[in-house]
Amino acid sequence: RPSAGSGVIGYLLVLVGVAAFVLSCFLPYTQFFDQVSISYYQLATASRGGTLEYMGGLLLLFGGTATVAWVALAGLRHGQHERRQTPSILLAVTATWSLSWIGVLLSLSGLFEHEVGYWSMLASVGVVIVGSVVAWVSGRRTAHEPDSGAGPEPPTEVPVA
């Protein structure tokens with residue numbers, strides 16, 4: 001059973017951040033022409049050209065998010081017996097995803113008045129970053145500890161008869 005020291009808290013933080021990000025996509029993001037509040041989901045999936053543009057909007061919103069969640073779930077599933085690379089993979093995937101979203105959010109920061117969706121998206125990206133760092137630090141710490149579930153260490157010397 002995984003312990004808190006094995007990065008479980010970090011992986012859980014990542015999943016909470018991802019869930020908050022997905023929820024944020026549907027919250028009021030900005031006021032359009034100072035009249036109508038719209039969500040980022042509505043902005044990203046506004047069908048101007050048809051199915052491909054709609055699918056592109058969905059990929060923008062949820063493609064990277066699903067990848068981050070998948071890696072975090074893999075880390076949770078394997079617990080102490082996870083692959084030693086999982087925390088590093090999570091950190092790399094999170095860096096790519098979060099830098100992209102921070103860029104998107106900053107690029108739109110001066111165009112409109114922001115509502116709760118904007119701020120919750122920004123905060124949720126921060127939670128994912130913190131969770132990934134916690135999982136990575138925990139993974140580095142436990143990489144040097146022996147696995148208590150693996151049994152005794154094999155002898156390093158050959159007995160002489």
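Here a biologist and a modeller talk through a predicted model of one protein chain.

Biologist: Happy to start with the overall picture. What makes up the secondary structure of the chain?

Modeller: The chain has five helices and two strands. Along the sequence they come in the pattern α-β-β-α-α-α-α. Of the 161 residues, 33% count as buried.

Biologist: And how confident is the predictor, on its scale from 0 to 100?

Modeller: The mean pLDDT of the chain is 82, and 77% of the residues reach 70 or more. Among the elements, helix H1 (residues 8-24) has the highest mean, 95, while strand E1 (residues 28-32) has the lowest, 81.

Biologist: Let's pick a residue. Why is Thr-65 called buried?

Modeller: Buried means under 20% relative accessible area. Thr-65 has 2% relative accessibility, so Thr-65 counts as buried.

Biologist: Where does Thr-65 sit, and what does it touch?

Modeller: Thr-65 is in helix H3 (residues 51-78). Leaving aside residues up to four places away in sequence, Thr-65 touches Val-18, Phe-21, Val-22 and Trp-97.

Biologist: What makes the pair of Thr-65 and Leu-61 a polar contact?

Modeller: A polar contact needs N or O atoms within 3.5 Å. The side chain of Thr-65 reaches the backbone oxygen of Leu-61 at 2.9 Å, so the pair is inside that cut-off. Leu-61 and Thr-65 are both among the buried residues of H3.

Biologist: Is there a general reason for residues with that spacing to meet?

Modeller: Yes: an α-helix has 3.6 residues a turn, so residues three or four places apart point the same way.

Biologist: How do you know what span to expect for H3?

Modeller: The expected span is 1.5 Å times one less than the number of residues. For the 28 residues of H3 that comes to 40 Å, and the helix reaches 38 Å from first C-alpha to last, close to the expected value. H3 also bends by about 40 degrees at Leu-59.

Biologist: You mentioned Val-22 as a neighbour of Thr-65. Is Val-22 buried or partly exposed?

Modeller: Partly exposed is the class between 20% and 50%. Val-22 has 28% relative accessibility, so Val-22 counts as partly exposed. Val-22 lies in helix H1 and touches Phe-62 as well as Thr-65. The C-alpha atoms of Val-22 and Met-121 are separated by 8.2 Å, with their positions 99 residues apart along the chain.

Biologist: Now Gly-117. Why is Gly-117 called buried?

Modeller: The limit for buried is under 20%. Gly-117 has a relative accessible area of 0%, and therefore is buried. Gly-117 belongs to helix H5 (residues 116-142), and touches Ser-24, Leu-27, Pro-28 and Tyr-29. From Gly-117 to Leu-23 it is 94 residues in sequence but 8.5 Å in space, C-alpha to C-alpha.

Biologist: One last residue: what makes Thr-45 buried?

Modeller: Thr-45, in helix H2 (residues 40-45), has 9% relative accessibility, so Thr-45 falls under the 20% limit and counts as buried. A polar atom of the Thr-45 side chain lies 2.6 Å from the backbone oxygen of Tyr-41. Thr-45 also touches Tyr-54, Gly-57 and Leu-58.

Biologist: And how many of the contacts in the chain join residues at least 24 apart?

Modeller: Among contacts between residues at least 6 apart in sequence, 70% join residues at least 24 apart.

Definitions and conventions: Residues numbered from 1 in each chain as written. Predicted model: local features only at pLDDT ≥ 70, side-chain atom pairs only at ≥ 80, totals over all residues. Heavy atoms only, no water. Helix = DSSP H or I, 4+ residues; strand = E, 2+ residues; numbered from the N terminus. Buried < 20%, exposed > 50% of the residue type's maximum accessible area, 1.4 Å probe, protein only. Contact = heavy atoms within 4.5 Å. Polar contact = N/O pair within 3.5 Å; in protein donor to acceptor, adjacent residues only side chain to side chain. Bend = angle between axes of the 7 residues up to and from the residue.
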